[in-house]
Amino acid sequence: MIKKLLLILTILITSIICMGCSTKTEIEDRDFCMAIGIDLADDKFSVSYVFPNLDELTGQSTKDKENLTFETTAESIYEAELKFTYLASKKLDFSHLKVLILGEKVISNEEKIKEILKYIEDNSIYSRNTLVFIAPNQASEIIKLDQKIQGSIGNYLNDLYTNNRKGSNTENATLGDLINNINNKDRAMGIPLVVNKEEKPAIDGEAVVQNGKLVKFVDNLQYTYLIMAKGQGEESSIIVDENCTIKLENIKKKYTFNMKDNNPNLKIKLTGSAVIIDGKVSREEEKKEQRLKVNDFLKNNVTQALLYVKEDEGVDYLNSFELLGIKNRNMWLQYKDKKDEFYSEITIEVYVDLEVR
């Protein structure tokens with residue numbers, strides 16, 4: 001009996017060791033892609049893949065960092081993957097993919113972006129939680145900065161985004177979000193812009209996207225006002241004038257839909273608090289004046305930011321038609337078959353009432 005138990009135990013231990021060795025071999029036979037950049041070049045895809053230098057991370061690097069970036073031109077994303085496979089000695093693996101960077105020409109081309117997202121949607125090898133960025137020019141310009149920074153640009157951008165949006169209470173822009181956006185043409189979403197600043201990647205505003213296609217760019221300040229309208233933006237700093245800079249604290253929103261002058265109207269009431277971080281007032285009367293000035297300033301700029309996004313394309317940045325179905329069912333029924341009419345007719349009024357201290 002003891003001999004049988006020892007035999008079984010020996011088999012189990014051997015199996016575990018073999019499994020471990022098999023897994024190790026499998027990992028060593030894979031190239032883990034950390035970042036992908038996609039551009040358009042003469043109506044073809046220019047695809048860049050970035051891989052971590054595992055030897056460099058362990059202090060055993062004997063090759064230049066530039067050898068860890070692969071770029072190719074192809075008719076499709078699948079063909080780009082095949083080209084890498086033909087030239088590489090390892091299997092291409094996207095299980096550790098951190099970021100996808102899309103060039104401006106790609107996100108501006110409805111046919112091409114739909115082709116990319118359809119391929120990704122049909123292939124489970126791409127994580128839906130992968131962060132998405134837009135490069136105002138070429139994605140490859142950002143990918144090349146991998147040579148200038150410590151570690152992989154995939155991890156760098158992932159950390160940069162997390163820290164940049166820390167405390168702002170905003171949602172991530174992921175591959176899954178972009179796929180949902182293209183499958184729901186009425187929804188709008190924001191994707192962070194990544195630019196080259198002094199040879200390092202930096203987040204500089206947002207690309208507003210609807211139906212998977214670029215509508216327009218907004219800068220960092222416009223972005224702050226837009227997310228304020230969503231009840232977000234905590235810890236954001238705003239210069240009101242040369243004597244007053246504030247930091248937003250808690251922001252709360254309330255949406256109310258009504259008819260006004262025979263048109264749908266959305267009233268946005270923003271409450272919460274802000275703290276003055278540059279500029280001080282002492283007398284009670286001055287404090288009241290400061291509060292009025294700050295709230296009026298924010299009201300005007302939030303309104304202008306929403307109108308800027310809405311103009312020309314009629315983009316519904318707040319996805320107000322969905323909110324309408326929750327807030328005012330009767331009005332929703334009135335416009336359920338007339339969405340374009342709703343988007344063109346809706347007016348927006350913003351009210352800001354923050355405690356300022």
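How many salt bridges does the structure hold? The count is eleven. Keep in mind that this is a predicted model. Let's look at some of these pairs, then visit a strand and a surface patch.

## Salt bridges across the chain

Side chains of opposite charge can pair when their charged atoms come close. One such pair is Lys44 and Glu75, whose side chains meet with 3.7 Å from N to O. This salt bridge links distant parts of the chain: Lys44 belongs to strand 3 (residues 44-50), while Glu75 sits in the loop between strand 4 (69-74) and helix 3 (77-87), 31 residues apart. Lys44 is partly exposed at 35% relative accessibility, and Glu75 is partly exposed as well, at 44%.

Next up is Arg357, which forms a salt bridge with Glu249; their closest N and O atoms are 2.7 Å apart. Arg357 lies in the segment after strand 14 (347-356) and Glu249 in strand 12 (residues 244-260), so this salt bridge ties together parts that are 108 residues apart in sequence. Arg357 counts as exposed, with 59% relative accessibility, whereas Glu249 is partly exposed at 24%.

## Strands 12 and 14

Lys260 and Glu349 also meet through their side chains in a salt bridge, at 3.0 Å from N to O. Here Lys260 comes from strand 12 and Glu349 from strand 14, and the two residues are 89 apart along the chain. Is Glu349 buried or exposed? Glu349 has a relative accessible area of 17%, and because buried means under 20%, Glu349 counts as buried. Its partner Lys260 is partly exposed, with 38%.

Salt bridges can also join up into a network, and Arg291, Asp353 and Glu355 are linked in this way.

## A strand tucked inside

Now for strand 7 (residues 131-135). Five of its five residues are buried, so strand 7 is largely enclosed by the rest of the structure. In a regular strand the side chains alternate between the two faces of the sheet. In strand 7, Leu131, Phe133 and Ala135 point one way, and Val132 and Ile134 point the other way.

Strand 7 has a partner, too: strand 6 (residues 99-103) runs parallel to it, and five bridges join the two. If you want a place to start looking, find Val99, which stands opposite Leu131 in strand 7.

## A positive patch on the surface

Which residues form a positive surface patch? Look for Lys253, Lys254, Lys269 and Lys327. Of these, Lys269 can be found in strand 13 (residues 263-278). Lys269 is partly exposed, with a relative accessible area of 42%.

Methods
Residues are numbered from 1 along each chain as its sequence is written. This is a predicted model: local features need pLDDT of at least 70, side-chain atom pairs count only at pLDDT 80 or more; totals for chains, interfaces and linings use all residues. Side-chain values use heavy atoms; hydrogens and water are left out. Patches are made of residues with over 30% relative accessible area and no salt bridge: like charges are joined within 9 Å, nonpolar side chains (Val, Leu, Ile, Met, Phe, Trp, Tyr) within 5 Å. Accessible areas come from the Shrake-Rupley method with a 1.4 Å probe; for residues, only the protein chains shown count as cover. A salt bridge is a side-chain nitrogen of Lys or Arg within 4 Å of a carboxyl oxygen of Asp or Glu. Lys and Arg count as positive and Asp and Glu as negative; His and the chain ends are not counted. The place of a charge is taken as NZ of Lys, CZ of Arg, CG of Asp or CD of Glu. Helices (H or I, at least four residues) and strands (E, at least two) are DSSP runs, numbered from the N terminus. Buried means under 20% relative accessible area, exposed over 50%, partly exposed in between (1.4 Å probe, protein chains only). Two strands pair if DSSP finds at least two bridges between them.
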